[in-house]
Amino acid sequence: MSAQSGHVGMPPTSFDPRFVQHCATKMRIDIVKMLAGAGSGHPGGSLSAVDLVATLYFGAVMHYDPHNPQLPSRDRFILSKGHAAPVQYAALARAGYFDPAELKKLRKLGSMLQGHPDARKCPGVEVSTGSLGQGLSIAAGLAQGLALVGQMGSDGQTPPRIYTLLGDGELQEGQNWEAALYAAHYGLGSVVAIVDRNMLQIDGNTEDVMALADVGAKFAAFGWQVASVDGHDVPAIREVLCAPRPPDKPYAIIADTVKGKGVSFMEHVAGWHGVAPSEKECATAIAELDQYLADLGTITIERSAS
Ligand SMILES: [Mg+2]
């Protein structure tokens with residue numbers, strides 16, 4: 001089946017890095033268009049997280065069924081940095097949770113695609129987020145709850161994975177570190193925290209605002225298994241996501257990323273945290289991304305039957 005058609009449907013059953021890169025580039029195009037159409041929102045932190053989210057959804061990592069969003073054995077994804085909602089919406093639309101035409105309604109009154117993810121409105125959104133610093137606590141609680149009821153994941157032997165994507169700026173919120181203690185203390189090995197370490201937040205460089213320094217060392221000190229990865233290297237991202245690890249240790253992946261990744265004039269610029277591109281800027285960005293898409297060429301992928 002040609003991925004060039006923008007096909008949405010069941011998750012891929014095998015890993016093809018070029019397919020994930022194709023999906024990631026399409027997602028970047030969707031994000032830029034969505035934000036330009038809405039006239040507001042958060043491009044920088046949406047674009048930095050694209051390769052991470054694309055690998056989860058389209059790299060044969062997460063177990064999910066867009067036709068049955070409440071499938072008990074599904075892996076969960078929590079976008080703790082909820083202001084990056086466009087990256088989640090782009091993935092969910094591409095995965096088949098809803099009609100991609102909905103993307104045009106970002107931030108519109110009554111739309112399922114609110115400025116921050118709303119679990120009551122948008123299929124595939126597990127938790128309403130946007131109030132920063134809370135995703136890790138929710139992930140730990142979900143993991144604990146699923147363990148208590150004995151819910152197993154797709155292999156029937158281990159609990160569903162709970163992936164949560166954290167911004168680096170939001171790690172300045174103290175609640176994260178209580179959740180880190182909790183997840184380690186209770187041996188919640190199904191919790192996977194992915195830190196989008198783009199070194200920027202709304203007010204500038206994270207190290208100037210309130211230094212986070214070595215985030216991986218901090219999680220390790222709290223008793224977590226830790227890995228670091230280039231957050232734009234799809235095969236490397238998949239490798240750390242799928243690496244064998246102890247069943248009773250939560251897992252932190254520190255992903256080095258570039259804020260605004262994929263759009264040259266947005267990269268490394270804190271000012272693109274919460275400003276939508278103009279029509280002209282949108283056209284420039286799309287031209288760059290279209291070229292990258294063309295360079296990737298035609299891609300095919302096997303998918304499981306629905
Ligand atoms: Mg950041």
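Two residues are in contact if their C-beta atoms, placed from the backbone, lie within 7 Å. By that rule, helix H3 lies across strands S1, S2, S3 and S7 (251-256). This is a predicted model: local features need pLDDT of at least 70, side-chain atom pairs count only at pLDDT 80 or more, and totals for chains, interfaces and linings use all residues. Residues are numbered from 1 along each chain as its sequence is written. Helices (H or I, at least four residues) and strands (E, at least two) are DSSP runs, numbered from the N terminus.

**The sheet**
- An open sheet is formed by 5 strands, in the order S1-S2-S3-S7-S6, with parallel pairing (two strands pair if DSSP finds at least two bridges between them).
- Its edge strands, S1 (76-79) and S6 (225-230), each pair on one side only.
- S2 (residues 162-167) and S3 (residues 191-197) run parallel and are joined by 6 bridges.
- Thr164 stands opposite Ala193 in S3.

**Helices across the sheet**
- H3 runs at about 170 degrees to S2 (axes are lines fitted to C-alpha atoms, for helices over the stretch in contact, and angles run from 0 to 180 degrees between N-to-C directions).
- Helix H5 (residues 135-148) lies across S1, S2 and S3, also running at about 170 degrees to S2.

**H3 against H4**
- The axes of H3 (residues 50-58) and H4 (residues 85-95) come within 10 Å and cross at roughly 30 degrees.
- That makes H3 roughly parallel to H4 (angles under 35 degrees count as roughly parallel, over 145 as roughly antiparallel, 65 to 115 as roughly perpendicular and the rest as oblique).
- Val50, Val53, Ala54 and Tyr57 of H3 meet Val87, Gln88, Ala91 and Ala95 of H4 in this contact.
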